[in-house]
Amino acid sequence: MNTANNSNSFLKSGLRRVLSSRLAETLTTPHGVDRYLELFNPTWSVHEVRAEVVAVKHGTADSVTLTLRPNGNWQGFRAGQFLRLTVEINGVRRMRCYSPANSVHAADGLIELTAKAHATGFVSKHLKQGLQPGTVVTLSQADGVFALPDQRPDRVLLISGGSGITPVMSMLRTLLDEKHQGRITFLHYCNTALDMIYASELALIAAQHANVELIRCYAQPEQGGELQGFFSREQLRAAVPDYAEATAFLCGPPAMMAAVEKVWAEDGLGDRLHLERFTAAPLVIDGGSAEGEVRFARSERLAVNSGATLLDQAEAAGLRPESGCRMGICKACTCRKTHGVVRDARTGELSEAGEQDIQICVSVPVGTVTLDI
Amino acid sequence: MGIFQKLTPEQFEAIGTELDAIRNRVLADLGERDARYIRGLVKRQRQLEVAGRVMLMIPPAWPLGVAALGASKILDNMEIGHNVMHGQYDFMGDPALNSQKFDWDTSDTARNWKHTHNYEHHTYTNVLNRDHDVGYGLLRMSEDQAWEPRFLANLPLTVILHTFFQHFVAVQNLKLENYLVYKTKTGAQLREEFKPVWKKMRKQLAKDYVFFPLLAGPLAPLVFVGNVAANLTRNVWACAVIFNGHFPEDVEQFPESVIENETRGQWYVRQLLGSANFSGGKLMHIMSGNLSFQIEHHLFPDLPAHRYQEISPEVQAICRKYGLPYNTGSFLRQTLSTWKRIARLSLPGRRKPATGAAVPANDAESPRELPLAA
Ligand SMILES: Cc1cc2nc3c(=O)[nH]c(=O)nc-3n(C[C@H](O)[C@H](O)[C@H](O)COP(=O)(O)OP(=O)(O)OC[C@H]3O[C@@H](n4cnc5c(N)ncnc54)[C@H](O)[C@@H]3O)c2cc1C
């Protein structure tokens, strides 16, 4: 048994109960038990999910695959869900969402994340270039509604583009571990054959499982894929004639997702298409009509409403509220609004005036707003 | 007379710009180094605390236990707690080192501290009636504070303040003198304000004086006394450091009028004139939470404190350039100077002898003498 499994069983044992007791809390007040446990092992914690990076692999030129060993607080995930990963870069913590790509049944308890390193991407570039095995990172519990339903659908169509392959890879691996008998089509879009994440594993899976069909579609010509070009209705009808019978799961770049959604919507199949967005539509910010002020109650600060999102305004006021995706997906920035109306910058929708939890990264104050920050 | 009259508005502005430039440069440079520094200290503090509490239960190691636990509490309160709660490490985005979330190993609630210290004391530094740290409502610390008979006890009260410092700080936000002496606060008000304070105090008292002694079984009295000694060590040291930062004899206090229309440059100069450093080695700086650089701290309360030593030569150069004093001396010298002031002010008398650096009192007749009011 390796040390982390020892530490997991250590935390799962009776000691764990002692450490979460009132007495332990009293003796370690005001800092709490975790702050002392860290002294002995940085992954030990009574409350937080922390994980050690045990392997860093470079599957393609611009992607990186991390293997993480979470502590005993990790409650597992449903195939397709995401988690919030927090890494420290130059002394500053950064949080981003990643979808585990492994099977939910993986016996080793490890989590596999694959990130595409964007040329200008702050965190993804660091994961690719700067992350060393042995680093301890912080995770959230799994989140999100994009997941294989508990009642597994028989006919499954997985459509992905680029790094959007990760959640559907988890679905495929999970279904195979469950010896799924229904047909599975794995339709993947990417630029060239060399860019394809998990290419060799997928080829092997397709060769070994009669019920799995792999369809690779490359944007560039002469890459040797089953298809070439971009997603279209014609292409889909030719490649997956029974697509309307399948339960479809989609994740990819915005343009590609829009094209797929359009076909499903036109066919009236909207409820058979499940999707996950890694990036959101741009926010509509209109600073011209801003009025009132923003009150940050806990930190006793006041700012004139600039019309920007509450997260931007809080940061401009020198505060550092927790935040993650900054586009309304990951919910890391959720906090309590105690007073005032906000507009959802994605939809333009207005909130109620009373107390409620809001995502400050996509909320723009309409008049004076008070936040518990 | 005072330096305020000598400086022109342009000079004030230039001082502001030059100090802002230092601040911005350090802000832009924050990162890994600062994170490693504060994490290292937190680790050292927790190690000292755990070791101290264990040693207190082993009779031959008891004195070492007191020293370790005392040092742990000093680190926790000063270089860690005080500085973290100033938001010096907020840039890290680490909830464990965040000014809104951090709490420290002392009776005062983090929330009340941030109000009396970060807001009142740092905004209105050494302004009478505004900065409660000027005497804590208990002592007479300035000529311009009207003398009352109770100030005859200035010296013994200072000793008591040092001894029970954590509890005085804990109730500082309640402004007890308003209830006890000036009768501007009702008992009901006071009880309401005391609730959160008592909640925190209770936890601290229970930890140090009930639960850890009980854990030691028959050695309970030893642990109890050890915890008293560790808390006392921290109390006296913290109080002495803080007094040295603002009350050596040449440090100025200001009338309330200075803060009307005060510019950023004037605010900076007031911080400079209202603070004093003391010299020492690396250990002295760390154990005083770098308040040995009280001047730098008051200019830049939200820059990581371990940076103060690095920027100190630049601050001194600015002082020389504009003829501003930069008050520093040995710890002993500043302490003696502070106690001399406290002794002198226990007796009536409004003016300082000869030097008279102090700004005229609030009720002075000529508005021209109110340096910042214009
Ligand atoms: C629910 C969810 C799950 C996710 N799962 C994964 C995953 O499994 N693997 C993965 O690689 N990423 C995933 N992401 C995206 C990931 O969270 C980050 O957004 C991504 O790694 C970029 O972060 P960054 O810090 O490198 O870029 P940032 O510094 O935040 O952005 C820099 C630039 O990169 C561009 N950029 C950022 N993200 C993307 C993107 N996804 N596609 C194209 N351009 C982009 C932006 O245009 C921006 O200008 C997921 C996102 C969400 C919301």
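A salt bridge here is a side-chain nitrogen of Lys or Arg within 4 Å of a carboxyl oxygen of Asp or Glu. Keep that cut-off at hand for both interfaces on this tour. The model is predicted.

**Stop 1: the domains of chain A**

Colour chain A by domain. Domain 1 covers 3-139, domain 2 covers 155-276 and domain 3 covers 287-371. Now hide domain 2 of chain A and keep domains 1 and 3. Their centres, taken over C-alpha atoms, lie 29 Å apart.

**Stop 2: domain 1 against domain 3**

Select the contact residues. Domain 1 of chain A gives 5 residues and domain 3 of chain A gives 7 residues. The two domains bury about 400 Å² between them. Carbon and sulfur atoms account for 67% of that area.

Show side chains on the domain 1 side. Pick Arg84(A), Met95(A) and Cys97(A), which lose the most area to domain 3 of chain A. Together they make up 80% of what the domain 1 side buries.

Which polar links cross here? The rule finds 0 salt bridges between domain 1 and domain 3 of chain A. The count of residue pairs in polar contact, both at pLDDT 80 or more, is also 0.

Next, highlight strand E4 of chain A, residues 92-98. This strand supplies 3 residues, the largest share of the domain 1 side that touches domain 3. By type, that side divides into 3 nonpolar, no polar and 2 charged residues.

**Stop 3: chain A against chain B**

Bring chain B back into view. The contact takes 19 residues from chain A and 34 residues from chain B. The area buried between the chains is about 2,300 Å², with 55% from carbon and sulfur atoms.

On chain A, select Leu27(A), His31(A) and Leu39(A). These residues lose the most area to chain B, together 23% of what the chain A side buries.

How many salt bridges are there between chain A and chain B? The count is 3. Zoom in on one of them: Arg93(A) pairs with Asp94(B), their closest N and O atoms 3.8 Å apart. That distance qualifies because the cut-off is 4 Å. The chain A–chain B interface also has 7 residue pairs in polar contact, both residues at pLDDT 80 or more.

Now colour the elements on chain A. Helix H3 (22-27), helix H4 (34-40) and E4 each give two or more residues to the side that touches chain B. The chain A side divides into 6 nonpolar, 6 polar and 7 charged residues.

**Last stop: strand E4**

Centre on E4 of chain A. This strand contributes to the side of domain 1 that touches domain 3 and to the side of chain A that touches chain B.

Notes: Residues are numbered from 1 along each chain as its sequence is written. Chains are lettered from A and ligands numbered from 1 in the order in which they are written. This is a predicted model: local features need pLDDT of at least 70, side-chain atom pairs count only at pLDDT 80 or more; totals for chains, interfaces and linings use all residues. Side-chain values use heavy atoms; hydrogens and water are left out. Domain bounds come from an automatic or database domain assignment. Contact means heavy atoms within 4.5 Å. Buried area is the accessible area (1.4 Å probe) that two parts lose on being put together, summed over both. A polar contact is a pair of N or O atoms within 3.5 Å; within protein, one must be able to donate a hydrogen and the other to accept it, and residues adjacent in sequence count only if both atoms are side-chain atoms. Helices (H or I, at least four residues) and strands (E, at least two) are DSSP runs, numbered from the N terminus. Ala, Val, Leu, Ile, Met, Phe, Trp, Tyr, Cys and Pro count as nonpolar, Asp, Glu, Lys and Arg as charged, and the others, Gly among them, as polar.
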